[in-house]
Amino acid sequence: MKTHNQTKTSRSIVSFLLTLSLALAILIPDFAAVKADNTATSQSAPLELTTAGNAWSSGFSINVFIKNASNTPIDDWKILVDKTSFTITSIWCTELKEDSNTYVITPFSWGKSITSGSSVNFGFCGTGSMPDTSDFTLKYYINGVEYTNGSTSVPTPTPVVTPTPVVTPTPVVTPTPVVTPTPVVTPTPVVTPTPVVTPTPVVTPTPVVTPTPVVTPTPVVTPTPVVTPTEPSGAAESGDDWLHVDGTNIVDQYGNKVWLTGANWFGFNCRELMFLDSYSSNIVADIEMVADKGINVVRMPISTELLYSWSQGTFPASTDTSYNNAALAGLNSYELFNFMLDNFKRVGIKVILDVHSAQTDNQGHTYPLWYNTTITEQMFKSSWVWIADQYKNDDTIIGFDLKNEPHTNVGDIKIKAQSAIWDNSDDPNNWKRVAQETALQILAVNPNALIFVEGVEIYPKDSIWNDAQINTSAWGGTNDYYCNWWGGNLRGVADYPIDLGQYQDQLVYSPHDYGPIVYNQSWFQGAFLTADDAEASEILYNQCWKDNWAYIIEDGISPLLLGEWGGMTEGSNSLLELNTKYLRAMRDYIAANKYSLHHTFWCINVDSADTGGLLTRDEGTPFPGSRDLKWNDNKYENYLLPALWKNSDGKFVGLDHQVPLGKNGVALGTTQQ
């Protein structure tokens, strides 16, 4: 069992609603008599400002939500805060300036406009007393006219001086380095990416159960130094990086083909509600290393339970790792999520958000469906719509993987009602129906997002789901269903394709595939045992890949995102040689299908029990801020690097048109790379 040497500290949860009923005016020209000043007609247009904060003995964190509940769009806004009783130490999603008495908080260009019914939000951490209603003054603009609530005058602000300025939507505040203490926690294994049920039953290795996260305690007195973030050479311009599908390619707004070549980074689906490598390293340094190594997109698992909590204004605490990451002190899960997004944006990495499980649990992915007795189908859909709407003006998140690995119940006897199916029925467990309906609801609020739809585990050979129970036993089974990895069976697309109507060019199908250490499938046996690499590739293609998912690009249906692949590359497992043979075959198949077959490698995390990660505690290369961890050179250089997007100069190609991908990459630009 994972243990945490931490002390629980009670934190007060403060939520208060400030409703500002403001008379907004719409500028109306006076054609009868031209006046020297603007004339306006008064119109009631209340703005709702809601805050949710957490306070502890020495500080606080607070999120501010501004909703335009009127019928009039707001062109711009700013908030003035009396600073006499507190000091802001970090802020996200906005810019901060100050004079001697007042903080001035202004939005980035992408957050200035608030259309009718829409919301914006930002947050900050500080020391001292958390601000209350009387400390806020809101100024906003309609057609160039300024409106004010409150009496604080507008100061002439000067920029806040930080040790290392970062040109980024969210500057990372760097504390003064102190003596590095002995690491407090060394975690044990966590999420297993893809166990699978096949004709022969298998006991899938599972991570050790991790205790429920403690309430974030007061930051420790002597944190380890935070690595100063490197300054990017470009600035992100939100809205210019949205992607769509053209045949079997994914293209940018200029029609240029792009190649998504990335990796998975889990943790927000787990009870800790954070990237688990934060236990052992500086997470900002990890993010920078990932960018420098050419990973242009991160698939980021999360749970419906967490998304739904956020949508209801509840922000659960993440496990505190401020002893390694002082900048994270006091951040709740939503604040921490935004902190990660801002740092991804700063180094040119895009994000695919993946609902990995219904409930927040380190083993939640083993449950076969997207709903259970607690999480309903409606909660699943509404959570997706909420997060899509929340980030519709931020193209850091370029797409949504609707549900990780829909599959069947455990055991040889499959119960149809408990398993994910794929057809045109109205059954509650019909994944095709739910995926299509959810995608359409998401695209109604954010038509620019890519939608990634995974497959199921089994599919009937006659395409008809008419068995209440299905015997898949190798000894007594009926052998009338095709079996594959969880989420890896997309045979149903040929019979029952997803139909998104006017949004069809946002759809990408997404299988998962693994090697024999995860489970020794039938195609890893027989001739595969002695096959050379070319022969092994043919075996895998003919016995698994072609009919389960490769036909989708071959028949011109859609591009594919191989959402998970990877595996052990070191150790003493008896199947290691076969596993690396598989990895070479998949690596080469991906490279041979550049632009049509996109991929996110499993995984970055150090503690994936049956695959290992790009971060390791064993042989590898340390890097600044890695502390207990190293970069796994063998796994990266031999299996992932050859399948990453590089230009003719050998530079990694990012997916942001302005911000280069780390230190060794380039921005996408406006012409084909």
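**Confidence, cores and strand pairing in a predicted model**

The model is predicted; the protein chain has a mean pLDDT of 82, and 77% of its residues reach 70 or more.

Reader: Which elements of the protein chain have the lowest and the highest mean pLDDT?
Author: The elements are ranked by mean pLDDT. Strand β2, residues 23–27, has the lowest value, 33. The highest value, 99, belongs to strand β27, residues 560–562.

Reader: Over which residues does pLDDT stay under 50, and how many contacts beyond four places in sequence does the model have there?
Author: One such stretch is residues 1–45, where pLDDT stays under 50. For residues 1–45 the number of contacts beyond four places in sequence is 105. The pLDDT is also below 50 over residues 150–233. Beyond near neighbours in sequence, the contacts of residues 150–233 in the model number 239.

Reader: Where does the largest nonpolar core lie with respect to domain 1 and domain 2?
Author: This core has 148 residues, of which M340, F400 and W422 touch the most other members. Helix α7 (residues 533–554) supplies the largest share, 11 residues. Both domain 1 (47–148) and domain 2 (243–666) contribute residues, so the core lies between them.

Reader: How many residues does the other core have, apart from the largest one?
Author: Another core lies apart from the largest. Its members include L49, F60, V120 and I142. The number of residues in this core is 27.

Reader: Is strand β6 largely enclosed or largely open?
Author: Strand β6 covers residues 76–82, and 5 of its 7 residues are buried. Buried here means under 20% relative accessible area. The rest of the structure therefore surrounds most of β6, which is largely enclosed.

Reader: In which sense does β6 pair with strand β11 and with strand β9?
Author: β6 and strand β11 (residues 136–142) are joined over 6 bridges in the antiparallel sense, and D76 has Y141 of β11 as its bridge partner. With strand β9 (residues 102–107), β6 has 4 bridges, and L80 stands opposite V104 in β9. The sense is antiparallel with β11 and likewise antiparallel with β9.

Reader: How many disulfides does the count come to?
Author: A disulfide is a covalent bond between the sulfur atoms of two cysteines. The cut-off for a pair of cysteine sulfur atoms is within 2.5 Å. By this rule the count is 0.

Reader: Is C270 buried or exposed, and what is its relative accessible area?
Author: The limit for a buried residue is under 20% relative accessible area. C544, at 1% relative accessibility, counts as buried. C270 is buried as well, with a relative accessible area of 0%.

Conventions:
Residues are numbered from 1 along each chain as its sequence is written. This is a predicted model: local features need pLDDT of at least 70, side-chain atom pairs count only at pLDDT 80 or more; totals for chains, interfaces and linings use all residues. Side-chain values use heavy atoms; hydrogens and water are left out. pLDDT is the predictor's confidence in each residue, from 0 to 100. Helices (H or I, at least four residues) and strands (E, at least two) are DSSP runs, numbered from the N terminus. Contact means heavy atoms within 4.5 Å. A nonpolar core is a set of buried Ala, Val, Leu, Ile, Met, Phe, Trp, Tyr and Cys residues joined through side-chain atoms within 4.5 Å. Buried means under 20% relative accessible area, exposed over 50%, partly exposed in between (1.4 Å probe, protein chains only). Domain bounds come from an automatic or database domain assignment. Two strands pair if DSSP finds at least two bridges between them.
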